[in-house]
Amino acid sequence: MRRTNQNIFDLSQNPKQNRILAAWCLSHANCGFPNVNPTLGEPWPKPQQQVWDPALFRVDIDVVPFNITGETCADLEEAVARYTNIITSFIAEFRGVTASRLHASGASHVGDDPPFLLEQIEVELRTACSEDQYPEYGMDESYSLTVNTGDALGRAVIAADTIWGAYRGLETMSQLFYYDPSGAVFVRSGSIVDFPRYSYRGFLLDTGRHFLSLDVIKQNLDLMAFHKYNVFHWHLVDDPSFPFYSVRFPLFVLGAFREDKIYSPDQVADVIEYARKRGIRVIPEMDTPGHTRSWNSYDILTRCYIDGEPDGTFGPLDPTNSSIYSLITDLLDEVTQRFPDRSVHIGGDEVSFGYDCWLSNPGVQTWMAERNYTTPQEVEAEYITNLLEVVAGLPEKPQYMVWQDVVDQGITIKEDAIVHVWKEPEWQAEMDKVTSLGHRTVLSSCWYLNKISYGIDWYKYYDCEPESFGGSAQQNELIIGGEACMWGEYVDDTNVVARSWPRAAAPAERLWSAKGANSHSEAAARLEEQR
Amino acid sequence: MLRHWLLTSVAAGLCSCGWAGFPAVEPTQGEPWPAPSDLQLGDTALLIPMPDQLEFRVTGHSCDSLTAAISRYQAIVAGLAAPRPGRRRRPTGTPARRVSAELARVDVNLTTECSMPYPEFGMDESYRLEVASSGATSGLAALTADTLWGVLRGLETLVQLMYANGVGGLYVREASGSDGPRYSHRGILLDTARHFYPVTAIKDMLDVMAINKFNVFHWHIVDDQSFPFVSETFPALAEGGAYAEDMVYSQQQVQDIIEFARLRGIRVIPEFDTPGHTRSWGVGLPGFTTACYGADGQPDGSTGPVDPSNEDVYTMLSIFLTEISERFPDNYIHLGGDEVRFGFDCWLSNPQIVAWMQSLNITTPEEVENVFFQRLLDLVADIPGDVQYVVWQDAVDNNVTVRPDTIVEVWKGGWQVEMDKLTAQDLRVILSSPWYLDYISYGSDWHTYYDTEPESFGGSAQQNALVIGGEACMWSELVDETNLMARLWPRASAVAERLWSPKGTVRTDFTASRMEEHRCRMVKRGYKAQPANGPGFC
């Protein structure tokens, strides 16, 4: 056994002082030197209005009981059970960690008892709720939260008009818990009145380029709820694979990577239900006429030609094949019935990559000549126009979303269509243009989270302000929100969660919190806690 | 007895399924990574009829380390064969292989004695491998090596020649020849100070290092931000400087990691970086680091580099580094020495240091750095046993006199000029500048790592001989247990091949296909290696 050298430095001569040093370090939460010290019990995204009460509000019980005082339904009870678990394991974890540290360092608990101990959390839902409710555009997500103040001493009260507001309030409530390194669990006291800045706060996952397991999709939905995202934009299929099992067109999944890389109807329904219970809409995307290489099970793609012969490759949907419209009608009919959301995303981006193929095909050439078309843009415009008619005729009467390319091509879209702005770097000019045309718009350009770079890149996501294009108040009204995109070229189950979070927390706050919440330096400490 | 129905379907390359997704890059089947130096792979394969009962027979010397390795690889083979959901379509572009035999046994012939060896610089890692599908030894895989390390590398290659067809069949490719590394030092640096990693995360990394034939774990164990290493001689260091009580490496855990690495032929080189990057040392040992003074002539509460004017510092380092040399069996300690300049102002602000400088008749902080580092090297020279060291290039750049057998690690930009300079001074070098894997960028960035040639500085043959290898560095400012594996693998695999495979191994489309298989190989063995080549699946 080696001699312990405590005698070299003055301060370490006395073993007791050594312990004091360690205790100092613990009580100041300052062992080692993290770059940013996390906040204690600050919610993310930042609530619209919050007034903190400095009084310490301690939690001495292991399980905090919830009391549903207003309307209720199975969904609300399930959410309450979920948050009971979250809070219970929070408390257990904090107590475990601090107890072991205290044992080793000999530090003592905080001396004086605070005046109040948390006894229960009340949830007051003011309108009836049921399992038939599906989250929708414009839903009321507001809530208020009163913790140990006013007439709620010793309690916390979450009040909301809708179940969506109750979900958001429960999430905020769970984020007010923190532990003091002295070994006690506390709740931030005060009152919060909160509601979102934008109604559309989306997150895109791309299951066409890499398959994502249901577990990972659900984990991502949990994290979305954690950050008050409310739209899962499911980019289901793309060039590389077609994992969506269509009941009407079962052969499409031959375009999947493999037979176990498919989403069955039950699994899709499971995802939708899981999202619904967290107040998250699921908007499916069926992108045409480009990005469809994996769709060829039904022989609907354009054959590309070289030197007058088919070269074995395929381009966009074949516009000369009139059966594409009945197929897309039936497919979208199935999709809009299986996905309860009112919106469906019909893509329409990057068709130009397939122009050469169209022009190389003799059948397409003839077809164009019959119509006096001379450019592939006209081919694209005819297809999209027909597609929009198809969508308008669907029994579900969906509202559609398109990528900005459709508008950029000068194609007339329905007034209530939503234009998804994604291109860089001129997104501000595009937002200006789209809103001048009177269309509602969702911004993604500055939130392509798949494009990674070294360092603390969330600042730039945080600093992106959707209204910065300088439009009129009327134009700003047409911005319905934004969407963080995690395209799947380089992500799969192994890395998608770590790559998405906490980076997606930045757009979450931009889209939920007040326009004035725009200091990334103030946000850094809160983000450290959130992570 | 051959199972003709199965063999026929593989031989014909037929698949009754029609899955037609379009991965960006089709994987190979049974191509080892890193590419062996002199191993011929045939276009015939052998069926492994009962993979979980494949016999490994020790025909030469044996020891516990060898039998432990064989058990490990038996389990890996059994895992490779586990039926997976879904049929694997045959990658397009891969010729169907004729299957003409069954693998009956693996003979492992270690030709020299092994007891409890510790891997070291320059160890022999070569092996011979014969997997025969015809002739007198048909159905036999014979692995021969002079050292335990060669056996370990050969076993890894052997299991990488195996591939499953997805319906329960496991095959191994016919092979014949030998293999050995280009460079002896093939390292991964992990920084456990900016973020703490639990022991399980470090072991997972070591496992994947073995898959990639890395042989050095450069453990950047402490830094400014935290001191997670529990010293026997100075327990106050971790008590004061760790992030938390439970974010430390106990003596038992450090020993456990060293043993885990040894069993996989991986050296553990600890780094204790001084005189800069030491903020966390000063919490447990106040006085070890320099108190910085403000413009008002008073200490401003912050600390700088090691205080070179405090004689206790040298006594402490002598005792501490003696402990390190005893606890880490490797002959080398990494002494750091980088980026001291960030602390120059602090040194010059401190009145005691200024007085001390005057007493030594020195005027610049560069000279202070030099005095400290020279004394550090002197005290290391006095440690019992032959303790050799690695230093970051800064020490030599600042004209510190180092031992002729010092290894210098090159990490800054302009590395070719630096490599030229150092090797011209007859110093051995390790290259890490182009392989800072903590720097991420969008896309298949492994191409750049792969294409870097350490000898491209244009030195003489004598200079090239002094390039002993390289290291992929994973600094942890923005990495912890949540993203380490995915960020490291398969990007570090590119570095692995550059350091193992013969000079002139160039990247082609086939390399990308091999990478696609290799990435999925790591995923199938249970490690979260991220996509390398764009859309696809494992």
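In chain B of this predicted model, 77% of the contacts with a separation of 6 or more join residues that lie 24 or more positions apart. Burial can be read alongside this: 63% of the 538 residues of chain B count as buried. The secondary structure of chain B comprises 18 helices and 18 strands.

The overall dimensions of chain B come next. Along the principal axes, its C-alpha atoms fill a box of roughly 85 × 50 × 50 Å. The radius of gyration of chain B is 26 Å, which agrees with the value near 24 Å that a compact globule of 538 residues would have.

One helix pair gives a welcome look at the packing in detail. Helix α4 of chain B, spanning residues 199-211, packs against helix α6 of chain B, spanning residues 251-262, at an angle of about 15 degrees, and the two axes are 10 Å apart. Because angles under 35 degrees count as roughly parallel, α4(B) is roughly parallel to α6(B). The crossing of α4(B) and α6(B) is right-handed.

Both helices can be followed residue by residue here. On the α4(B) side, the contact is made by B:Val199, B:Ile202, B:Lys203, B:Leu206 and B:Asp207. Facing them from α6(B) are B:Gln253, B:Asp256, B:Ile257, B:Phe260 and B:Ala261. Sorted by class, the contact of α4(B) with α6(B) has six nonpolar residues, along with one polar and three charged residues. Among the charged ones are B:Lys203 and B:Asp207 of α4(B), while the polar one is B:Gln253 of α6(B).

Definitions and conventions:
Residues are numbered from 1 along each chain as its sequence is written. Chains are lettered from A and ligands numbered from 1 in the order in which they are written. This is a predicted model: local features need pLDDT of at least 70, side-chain atom pairs count only at pLDDT 80 or more; totals for chains, interfaces and linings use all residues. Side-chain values use heavy atoms; hydrogens and water are left out. Axes are lines fitted to C-alpha atoms, for helices over the stretch in contact, and angles run from 0 to 180 degrees between N-to-C directions. Helices (H or I, at least four residues) and strands (E, at least two) are DSSP runs, numbered from the N terminus. Angles under 35 degrees count as roughly parallel, over 145 as roughly antiparallel, 65 to 115 as roughly perpendicular and the rest as oblique. A crossing is left-handed if the near helix is turned anticlockwise from the far one by less than a right angle, and right-handed if clockwise. Contact means heavy atoms within 4.5 Å. The radius of gyration is taken over C-alpha atoms; the globule rule is 2.2 Å times the number of residues to the power 0.38. Buried means under 20% relative accessible area, exposed over 50%, partly exposed in between (1.4 Å probe, protein chains only).
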